[in-house]
Amino acid sequence: MKRYSAFAIAREALRHHEGWERAWRSPEPKARYDVVIVGAGGHGLATAYWLGKNHGITNIAVIEKGWLGGGNTGRNTTIIRSNYLQDPSAAIYEKSRSLYETMSQDLNYNVMFSPRGVMMLAQTQHEVRGYRRTAHANALQGVATEFISPQRVKELCPIMNIDGPRYPVLGALWQPRGGTARHDAVAWGYARACSDMGMDIIQKCEVTGIRREGGKVTAVETTKGEIGCGKLGIVVAGHSGELAEMAGFRLPIESVSLQALVSEPIKPCMDVVVMANTVHGYMSQSDKGEMVIGGGADGFNNYTQRGSFHHIEETVRALVETFPMISRLKMLRQWGGIVDMTGDRSPILSKTPVEGVFVNCGWGTGGFKAIPGSGWAMAELMAKGHAPLADAFSLDRFREGRFIDESVAAGVAH
Amino acid sequence: MLLLTCPACGVAADETELAPGGEAHLTRVGPDGDDASFEGYLFQRANPRGVHFERWRHVYGCGKWFHAARDTATLEVFGTYSAQTTAPPDDILDKIKARRPGWEGNA
């Protein structure tokens, strides 16, 4: 792999940019791999990357039914934060946030991580109490957050109306080292690094069945033929239920559609990420100038990547009250992603009833921020059978009643 | 936007008038159930990409619960039926089979 650098740009400028090589190879699948990862999104690729980097396992195929990073990795609002209430969540999300800080250097790929700060507005007394509690919890967990006053909110984000008649801003949970990153670049960067370690990334290859012998996985059947595997990682977000059915077990997961939209680009007006959970809306400004807006999820099972108009209306109506200046913005695009919701709104990183099969799913509405940490923990789990960051997120927590309840902590989509 | 006809009051309501209630026809586990069957009842869901039987409530209408048969991949609605049943009625199953010849039912 040729490294990207300022020197490389100068070199290519002198020879008509003909020397750039493809970022990753697209080989045909081999008959067998030590590890097969299903799903070439951020989480799947990060899992493969850390398997190679931390555990020396590189005989890996990452297979993907569509194109690389074309699922929820390319459909989110790119927010990165780690201000969670429960200890296991704070541990894995903070690990993830810290890995984002060095990701561009680690991967030699600019993921445009921008630690611009994330604030979660408290617009009811209930939220004020909740976020104060989270700030105290974060202090004990070593996550840098603080509860800030409405005046400080106004200083950090002058376009906000903090005296809204319905939902005045009463304060905010502020994480200065949170921010955003370029979502596609995260997938592309990991893919390039994985390919460089000798792993095969196989796109347009759909899994149609999972072969087992004596309760142990032996191969996956795909549209490109059977691929043998020693271990299988299922990292397919909203489609986890389907894969689990092929492997013969059920997951405590329901798939719903979550949507987002972006406005036309405007001049820089907002250099922080703002989340308003009471009114189900969050917003940040991309480097292109578009306002990136996320809203609430559907409440019913849904595999269509569309979303529905009344959710847009709800979200935009609430945001216009808090940000009056966006009322005349035109919206450019709207899309939906299929998110995998668990009962306690926390992810599942776990062994399964089938030996050799591991799942990484249930990230729900907040998976992008977790990509590097999720991959780190999943790789350790697959290599060693247990991992400090993953153990609390095992499947048996539902049977044993060990919930990691973040739905109460976040209030809504998080 | 999803449109469902409430079988209790006959009103064709859109999704803003309704509240989703999750998978239908779950078998409640009694006091003699073991941990695994309680886990199944409380948390594990079929979550199919395709035909799905589910519970809805006509919240901003008559307030009654009812059942719907729907396709989660296309949003096609096969029909709605009374909440006072433990399995989908035959006429709904016939409609589904007419539209989805290969469908074998949800496990």
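**Close-up views of a predicted two-chain model**

**View 1. The hairpin of β14(A) and β15(A), and the covered strand beside it.** In this predicted model, the hairpin formed by β14(A) and β15(A) has four residues between its strands, and A:Gly289 takes a positive phi near 105° there. The two strands pair in the antiparallel sense over four bridges, and one of the pairs to look for is A:Met283, whose bridge partner in β15(A) is A:Ile293. Strand β15 of chain A, which covers residues 290-297, is mostly covered, since six of its eight residues are buried.

**View 2. The pairing of β15(A) with β12(A).** Strand β15(A) also pairs with β12(A), in the antiparallel sense and over five bridges. A place to find this pairing is A:Leu258, whose bridge partner in β15(A) is A:Ala297. The strand β12(A) appears again in the view of the two chains, where it gives the most to the side of chain A that touches chain B, with three residues.

**View 3. Strand β13 of chain A, with its two neighbours.** Are the two faces of strand β13(A), residues 273-276, covered or open? Both faces are covered, with A:Val273 and A:Met275 buried on one side and A:Val274 and A:Ala276 buried on the other. Strand β4 of chain A, residues 118-122, pairs with β13(A) in the parallel sense over four bridges, and in that pairing A:Val118 has A:Val273 as its bridge partner. Strand β14 of chain A, residues 281-285, runs antiparallel to β13(A) and is joined to it by three bridges, with A:Met283 as the bridge partner of A:Val274. The hairpin of β13(A) and β14(A) has four residues between the strands, and A:His280 takes a positive phi near 55° in it. The residue A:Met283 therefore links two of these views, being the bridge partner of A:Val274 and also that of A:Ile293.

**View 4. The residue A:Arg132 in helix α4 of chain A.** A:Arg132 is found in helix α4, which spans residues 125-141 of chain A. Because 15 C-beta neighbours lie inside 10 Å, A:Arg132 counts as partly exposed. A:Gly299 is 167 residues away from A:Arg132 in sequence, and their C-alpha atoms are 29 Å apart in space.

**View 5. The two domains of chain A and the contacts between them.** Chain A is divided into domain 1, made of 22-78, 183-252 and 344-410, and domain 2, made of 113-179 and 254-342. Their C-alpha centres lie 29 Å apart, and 20 residues of domain 1 of chain A are in contact with 17 residues of domain 2 of chain A. On the side of domain 1 that touches domain 2, the elements giving two or more residues are α7 and α11 (407-410) of chain A. By class, that side of domain 1 has seven nonpolar, 10 polar and three charged residues.

**View 6. The place where chain A meets chain B.** The predictor gives the complex an ipTM of 0.90 and a pTM of 0.93. Across the two chains, 20 residues of chain A are in contact with 16 residues of chain B. On the side of chain A that touches chain B, α7 (240-247), β12 (253-265), α8 (309-322) and α10 (397-400) each supply at least two residues. The residues of that side divide into seven nonpolar, nine polar and four charged.

**View 7. The loop residue B:Glu17 of chain B.** Chain B averages a pLDDT of 92, and 98% of its residues score at least 70. B:Glu17 lies in the loop between β2 (12-14) and β3 (19-23) of chain B, and it is partly exposed because 15 other C-beta atoms lie within 10 Å. Which residues does B:Glu17 contact, leaving aside its neighbours within four places in sequence? They are B:His58, B:Val59, B:Tyr60 and B:Gly61. B:Leu3 is 14 residues from B:Glu17 along the chain, and their C-alpha atoms are separated by 9.5 Å.

**View 8. Chain A as a whole, for orientation.** Chain A holds 11 helices and 18 strands, and buried residues make up 53% of its 414 residues. Its C-alpha trace spans about 65 × 65 × 40 Å along the principal axes. The radius of gyration of chain A is 21 Å, which agrees with the value near 22 Å for a compact globule with 414 residues. Among contacts in chain A between residues at least 6 apart in sequence, 75% join residues at least 24 apart.

Notes
Residues numbered from 1 in each chain as written. Chains lettered and ligands numbered in written order. Predicted model: local features only at pLDDT ≥ 70, side-chain atom pairs only at ≥ 80, totals over all residues. Contact = placed C-beta atoms within 7 Å. Nonpolar A, V, L, I, M, F, W, Y, C, P; charged D, E, K, R; others polar. Buried ≥ 20, exposed ≤ 12 C-beta atoms within 10 Å, placed from the backbone. pLDDT = per-residue confidence, 0-100. Pairing = 2+ DSSP bridges. Domains from an automatic or database assignment. Rg over C-alpha atoms; globule rule 2.2 N^0.38 Å.
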